[in-house]
Amino acid sequence: MDNKLTFRQAKSCEADRIMQIIRQAQARMHAAGSHQWQDGYPAPGHISADIGRGCGYVLCKSDMEGPHAVIAYGAVVFDGEPAYNALDGQWLTDEPYVLVHRLAVADGERGRGVAAEFLRRTEALALERGVRAFRIDTNFDNQTMLRLIERAGFTYCGKVTYRSGRRLAYEKQL
């Protein structure tokens with residue numbers, strides 16, 4: 001899979017495709033009974049802000065052109081998450097960290113390891129920047145993400161609170 005995919009910053013012209021992928025993920029979560037992302041989040045403004053800040057990333061099929069080459073999206077953040085400062089629990093490290101928010105995979109690409117590859121590419125980017133800690137959170141009822149986090153080797157550290165509720169928080173040392 002590595003040679004067939006490109007990991008890079010998202011472009012503003014890809015925002016519609018990214019929102020299509022987000023809406024697909026919202027529908028899957030709703031069908032699975034998850035309450036995550038059922039309140040209008042993430043919205044186009046979140047994606048535009050990610051892209052504007054340079055933290056919106058996509059995984060693309062290398063052999064395709066145009067917006068439909070984009071098969072996964074996530075916000076790869078290196079400047080922290082304020083909610084993580086009030087963790088109900090204990091982080092593994094006090095080091096600078098990378099985190100991923102808003103990770104979503106296109107419907108036709110699920111079950112092929114795309115999300116796991118997105119996390120691997122994020123880890124590689126973090127290591128290139130000298131960052132050796134990776135944090136992530138998800139809702140207690142997002143079974144797909146919980147399985148991905150477990151398989152990727154993250155350790156449960158506690159709970160963080162957002163306006164929409166509490167999330168399970170994890171960290172991995174790289």
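Which residues point one way from β6, and which the other way? The points below start from that strand and work outwards through a model that is predicted.

1. Strand β6. From β6, the residues Ala133, Arg135 and Asp137 point one way, while Phe134, Ile136 and Thr138 point the other way, and all are buried. In a regular strand the side chains alternate between the two faces of the sheet. Because six of the six residues of β6 (residues 133–138) are buried, the strand is largely enclosed by the rest of the structure.

2. The neighbours of β6. Strand β5 (residues 98–105) pairs with β6 in the parallel sense over three bridges, and Val98 has Phe134 of β6 as its bridge partner. With strand β8 (residues 165–173), β6 pairs in the antiparallel sense, over six bridges, and here Ala133 stands opposite Gln173 of β8. A right-handed β-α-β unit is made by β5, helix α3 (residues 114–128) and β6.

3. The sheet as a whole. The eight strands form an open sheet with mixed pairing, and their order is β1-β2-β3-β5-β6-β8-β7-β4. At the edges stand β1 (5–9) and β4 (88–89), each of which has a single partner strand, so one side of each is left without a neighbour in the sheet. Strands β7 and β8 run antiparallel and are joined by seven bridges, with Arg166 of β8 as the bridge partner of Thr161.

4. Helices on the sheet. Helix α1 packs on the sheet, where it touches β2 (56–61), β3 (70–77) and β5, and its direction makes about 80° with that of β5. Helix α2 lies across β2, β3 and β5 as well, running at about 70° to β3.

5. Salt bridges within and from helix α3. The structure holds twelve salt bridges, and two that involve α3 are described here. The side chains of Arg121 and Glu117 meet in a salt bridge at 2.6 Å, N to O; both residues lie in helix α3, four residues apart, which is about one turn of the helix. Arg121 has a relative accessible area of 17% and is buried, and Glu117, with a relative accessible area of 3%, is buried too. A salt bridge also joins the side chains of Glu123 and Lys172, at 2.7 Å from N to O. This pair links distant parts of the chain, since Glu123 is in helix α3 and Lys172 in strand β8, 49 residues apart. Both Glu123 and Lys172 are buried. Elsewhere, Lys61, Glu109 and Arg112 are joined into one network by salt bridges that share partners.

6. A salt bridge between two loops. Arg163 forms a salt bridge with Asp39, and the closest N and O atoms are 3.3 Å apart. This pair, too, links distant parts of the chain: Arg163 is in the loop between β7 (155–162) and β8, Asp39 is in the loop between α1 (15–31) and α2 (44–53), and the two are 124 residues apart. Arg163 is exposed, with a relative accessible area of 68%, whereas Asp39 counts as partly exposed at 44% relative accessibility.

7. Arg120. This residue has its place in helix α3. Is Arg120 buried or partly exposed? At 45% relative accessibility, Arg120 counts as partly exposed, because the value falls between the limit for buried, under 20%, and that for exposed, over 50%. The side chain of Arg120 is joined to that of Glu117 by a polar contact of 2.8 Å, and Glu117 is the residue that also meets Arg121 in a salt bridge. Between the C-alpha atoms of Arg120 and Gln90, which are 30 residues apart along the chain, the separation is 24 Å.

8. Glu171. This residue is found in strand β8, and at 0% relative accessibility Glu171 counts as buried. What does the side chain of Glu171 make a polar contact with? The partner is the side chain of Thr93, at 2.8 Å. Leaving aside residues up to four places away in sequence, Glu171 touches Trp91, Leu92, Thr93, Ala133, Phe134, Arg135, Phe154, Thr155 and Cys157. Of these residues, Ala133, Phe134 and Arg135 bring the note back to β6, from which Ala133 and Arg135 point one way and Phe134 the other.

How values were computed
Residues are numbered from 1 along each chain as its sequence is written. Side-chain values use heavy atoms; hydrogens and water are left out. Buried means under 20% relative accessible area, exposed over 50%, partly exposed in between (1.4 Å probe, protein chains only). Two strands pair if DSSP finds at least two bridges between them. A crossover is right-handed if, with the strands pointing away from the viewer, the path from the first strand over the helix to the second runs clockwise. A salt bridge is a side-chain nitrogen of Lys or Arg within 4 Å of a carboxyl oxygen of Asp or Glu. Contact means heavy atoms within 4.5 Å. Axes are lines fitted to C-alpha atoms, for helices over the stretch in contact, and angles run from 0 to 180 degrees between N-to-C directions. A polar contact is a pair of N or O atoms within 3.5 Å; within protein, one must be able to donate a hydrogen and the other to accept it, and residues adjacent in sequence count only if both atoms are side-chain atoms.
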